[in-house]
There are 2 protein chains.
Amino acid sequence: MNIGDVARRSELPPKTIRYYEEIGLIRPARDANGYRAFGESDLHKLIFIGRARSLGFTVEDCRSLLALWEDRSRASADVRRIAKDHLAGIERRIADLEAMRGTLDTLVRACAGDDRPDCPILAGLAGPSGAD
Amino acid sequence: MNIGDVARRSELPPKTIRYYEEIGLIRPARDANGYRAFGESDLHKLIFIGRARSLGFTVEDCRSLLALWEDRSRASADVRRIAKDHLAGIERRIADLEAMRGTLDTLVRACAGDDRPDCPILAGLAGPSGAD
DNA sequence: CCTTGACCTTCCCGTCACTGGAACCCCTAT
DNA sequence: ATAGGGGTTCCAGTGACGGGAAGGTCAAGG
């Protein structure tokens with residue numbers, strides 16, 4: 001398989017796949033002409049990485065998860081800790097975004113949004129005191 | 001005011017303030033010795049930027065918002081559009097994160113997390129088919 | 001045989017919003 | 001004179017790629 005084939009089958013851009021090789025996540029063989037020669041196991045790894053990335057794991061998390069995936073004797077507790085930490089991070093980010101949404105929503109609702117210059121959004125950003 | 005003073009009063013790191021000058025968000029004067037000399041209006045701008053950033057606006061959004069803030073004749077509709085677009089982006093991000101959280105939560109719950117190698121999380125990442 | 005076009009290769013730069021660090025200058029107090 | 005705590009510039013790195021240049025390779029068609 002050339003890079004285009006794995007790209008299609010893994011739904012990852014070729015650039016991304018080259019990058020993953022560069023940082024050592026995968027180690028595809030090479031043909032005589034210098035082309036990367038991907039095997040099924042490379043493809044499986046890429047699909048694995050793609051799914052983990054789509055769940056928001058960092059590539060370093062992916063590296064750890066891949067290592068555990070390859071390690072037949074790993075303890076599921078190790079995987080679970082990575083996933084739980086990541087889940088906690090996601091929940092923090094959701095909470096942060098929800099706080100932003102709350103404030104923004106209040107400001108947007110308070111703003112008439114017409115052609116007058118009076119704007120509660122700018123006033124809110126300038127300071128709760130409302131100074132402009 | 002020197003940079004340390006505005007840094008304390010705006011709660012922004014000096015490095016960040018220098019960066020904001022570099023990209024033209026603020027234009028503090030200079031003392032004879034080359035030190036930046038910040039006025040109250042610089043400080044107000046920095047506080048404004050800091051609040052906008054904490055609401056997740058990009059620095060380019062901040063540049064637009066600052067321009068509108070300075071423009072006494074702006075229409076509040078312009079501000080509102082920026083804020084509404086940003087709000088929509090935040091809501092998309094929240095939705096994405098909640099989808100991740102849902103999947104991750106399911107996987108984490110399914111995982112015993114003990115010292116056995118059997119791990120539904122890895123199986124889930126390898127593919128819904130469950131192949132490992 | 002030559003060309004076309006789709007692949008593939010490496011390499012370097014740009015993204016976003018900073019952060020860290022080096023090397024150096026300035027000012028005040030002791 | 002020195003020590004410290006400011007300040008200044010510039011360079012490099014972050015994460016996870018994406019864009020684009022310059023060039024090698026391969027199969028098909030004229």
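Visitor: How many residues of chain A are in contact with chain B here?
Guide: In this predicted model, 48 residues of chain A are in contact with 48 residues of chain B.

Visitor: And which elements of chain A give two or more residues to that side?
Guide: On the side of chain A that touches chain B, those elements are helix H3 (40-54), H4, helix H5 (76-110) and helix H6 (120-126) of chain A.

Visitor: Which one gives the most?
Guide: That is H5(A), which gives 21 residues to the side of chain A that touches chain B.

Visitor: How do the residues on that side divide by character?
Guide: The side of chain A that touches chain B is made up of 27 nonpolar, 7 polar and 14 charged residues.

Visitor: Switching to the DNA, which residues are closest to strand D?
Guide: DNA strand D is surrounded by 17 residues, and the closest are Thr16(A), Asn33(A) and Thr58(A) from chain A, along with Gly4(B) and Arg36(B) from chain B.

Visitor: Which elements do the residues there come from?
Guide: Two or more residues of the surface near DNA strand D come from each of helix H2 (14-22) and helix H4 (59-70) of chain A, and from each of helix H1 (3-10) and helix H2 (14-22) of chain B, while H2(A) gives the most, with 3 residues.

Visitor: What about strand C, which residues are closest there?
Guide: Around DNA strand C there are 17 residues, of which the closest are Asn2(A), Gly4(A), Arg36(A), Asn33(B) and Thr58(B).

Visitor: Which helix gives the most to that surface?
Guide: H2(B) does, with 3 residues, and the surface near DNA strand C divides into 6 nonpolar, 6 polar and 5 charged residues.

Note on methods. Residues numbered from 1 in each chain as written. Chains lettered and ligands numbered in written order. Predicted model: local features only at pLDDT ≥ 70, side-chain atom pairs only at ≥ 80, totals over all residues. Near = placed C-beta within 6 Å. Helix = DSSP H or I, 4+ residues; strand = E, 2+ residues; numbered from the N terminus. Nonpolar A, V, L, I, M, F, W, Y, C, P; charged D, E, K, R; others polar. Contact = placed C-beta atoms within 7 Å.
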